[in-house]
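Dear colleague,

I am passing the structure below to you for your records. My account of what was found in it follows directly after.

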Amino acid sequence: MDKLKNKVAVITGGNSGIGFGIAEAFKNEGAKGAITGRNQNTLNSSVKALNSNFIGITGDVTNINDLEGIFKQTSDRFGEIDILVVNAGGVVDGVPLETILDITEDNYDQYMNLNLKGAYFTVKKALPYLKDGASVILIGSSAAHRAYPGMAIYGAAKAALIHFAKGLSLDLLSRKIRVNALSPGTIETPVFTKFVPENQLSQVKQTWLDITPSNRLGLPSDIGNAAVFLASEESSFIVGTEILSDGGLTNMSLMK
Ligand SMILES: NC(=O)c1ccc[n+]([C@@H]2O[C@H](COP(=O)([O-])OP(=O)(O)OC[C@H]3O[C@@H](n4cnc5c(N)ncnc54)[C@H](OP(=O)(O)O)[C@@H]3O)[C@@H](O)[C@H]2O)c1
């Protein structure tokens with residue numbers, strides 16, 4: 001229970017779904033630090049649920065000034081940062097995932113700004129506050145490898161993010177900072193309610209379940225457990241690569 005004892009972590013989007021699952025897993029292994037998000041209410045309730053091992057910092061990851069503030073506030077409070085989880089991302093509020101037939105230039109920029117540019121600058125702005133030897137975990141997606149309807153831009157952003165694990169690890173060799181991607185399959189989180197109408201929710205989840213070989217959807221704790229491994233010394237020889245935690249979704253097809 002102390003794989004991350006006294007380690008300082010920042011988890012963007014730690015106030016919901018996968019990010020919160022990672023924060024809980026880190027707390028259970030002795031870590032402390034900060035979770036971030038834009039929604040003050042869910043930040044407050046998440047901090048409370050984490051027994052105050054974590055502070056909540058409000059910030060939009062598509063805003064460079066907010067990113068500066070997140071890392072400064074964390075290190076003012078806890079000192080140098082050992083672990084950064086770049087998790088904030090996914091669906092842009094109020095902007096449905098669409099095919100190329102319907103997407104606008106603005107929609108394209110919004111998805112890329114959240115899922116790719118925001119992630120890149122999250123790492124860049126963290127660098128002055130990261131300890132040498134830190135672990136950076138980029139939350140990718142199975143959608144980087146498989147095409148799904150209306151998800152071309154999101155999948156492309158995640159595929160590029162997975163490349164960042166390699167390229168940034170190389171850039172940061174002199175500081176021994178390891179950057180790896182952790183790619184979930186379909187995980188039970190509030191994201192579904194952001195793009196699926198209430199009356200279609202169970203049908204949409206069943207569709208994902210039908211193509212998941214493990215015959216269950218993932219839980220935020222599944223991703224939390226894998227993130228503990230990537231954050232800990234146990235993975236010290238794992239650098240610039242991707243781990244899939246997807247119940248077999250990416251690499252195995254069910255012939256039904
Ligand atoms: N659930 C899945 O099946 C699945 C599968 C593969 C990959 N993923 C990836 O896992 C990550 C988390 O997804 P999730 O399913 O846990 O979704 P979620 O419950 O909707 O959480 C998204 C998180 O990102 C934060 N966020 C969104 N836009 C932001 C912005 N502009 N600035 C700062 N924070 C922002 C949200 O906080 P606020 O709203 O408070 O800002 C929230 O904490 C995403 O990167 C997603 O692409 C999810």
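**Helix α1 and its contact with α8**

Helix α1 crosses α8 in a right-handed sense. Please note that the model is a predicted one. α1 spans residues 17-28 and α8 spans residues 220-231; the two pack at an angle of about 55°, and their axes are 7 Å apart. Because of that angle, α1 is oblique to α8.

On the α1 side, the contact is made by Gly 17, Ile 18, Phe 20, Gly 21, Ile 22, Glu 24, Ala 25 and Phe 26. Their counterparts in α8 are Pro 220, Ser 221, Ile 223, Gly 224, Asn 225, Ala 227, Val 228 and Ala 231. By class, the residues of this contact between α1 and α8 comprise 10 nonpolar, five polar and one charged.

**The ligand shell**

Helix α1 also takes part in the surroundings of the ligand, giving three residues to the shell, the largest share. The elements that contribute two or more residues there are α1 and α6 (191-195). There are 27 residues around the ligand, and those that come nearest are Gly 13, Gly 17, Gly 37, Arg 38 and Gly 89. Gly 17 also belongs to the α1 side of the contact with α8. The shell is made up of nine nonpolar, 15 polar and three charged residues.

**The sheet**

Seven strands make up an open sheet with parallel pairing, in the order β3-β2-β1-β4-β5-β6-β7. The edge positions are held by β3 (54-58) and β7 (242-245); each has a single partner strand, so one side of each has no neighbour in the sheet. From one strand to the next, the twist averages 20°.

At the β7 edge, strand β6 (residues 178-184) pairs with β7 in the parallel sense over four bridges. Leu 182 is placed opposite Ile 243 of β7.

Two helices can be described against this sheet. Helix α2 (residues 40-49) packs on it, touching β2 (32-37) and β3, and the direction of α2 makes about 175° with that of β3. Helix α3 (residues 64-78) lies across β1 (8-12), β2, β3 and β4 (81-86), and runs at about 160° to β2.

**From α3 through α4 to α5**

Besides lying across those strands, α3 packs against helix α4 (residues 105-126) at an angle of about 45°, with the axes 9 Å apart. The angle makes α3 oblique to α4, and α3 passes α4 in a right-handed crossing. Ile 64, Leu 67, Glu 68 and Phe 71 of α3 form this contact with Phe 121, Thr 122, Lys 125 and Ala 126 of α4. The residues involved divide into five nonpolar, one polar and two charged.

Helix α4 in turn packs with helix α5 (residues 152-171), at an angle of about 15° and with the axes 9 Å apart. α4 is therefore roughly parallel to α5. The crossing of these two helices is right-handed.

From α4, the residues that meet α5 are Tyr 108, Tyr 111, Met 112, Asn 115, Leu 116, Ala 119, Tyr 120 and Val 123. From α5, they are Ile 153, Tyr 154, Ala 157, Lys 158, Ala 160, Leu 161, Phe 164 and Leu 168. This contact of α4 with α5 consists of 14 nonpolar residues, one polar and one charged.

With kind regards

How values were computed: Residues numbered from 1 in each chain as written. Predicted model: local features only at pLDDT ≥ 70, side-chain atom pairs only at ≥ 80, totals over all residues. Axes fitted to C-alpha atoms, helices over the stretch in contact; angles between N-to-C directions. Parallel < 35°, antiparallel > 145°, perpendicular 65-115°, else oblique. Left-handed = near helix turned anticlockwise from the far one by under 90°. Contact = placed C-beta atoms within 7 Å. Nonpolar A, V, L, I, M, F, W, Y, C, P; charged D, E, K, R; others polar. Pairing = 2+ DSSP bridges. Near = placed C-beta within 6 Å.
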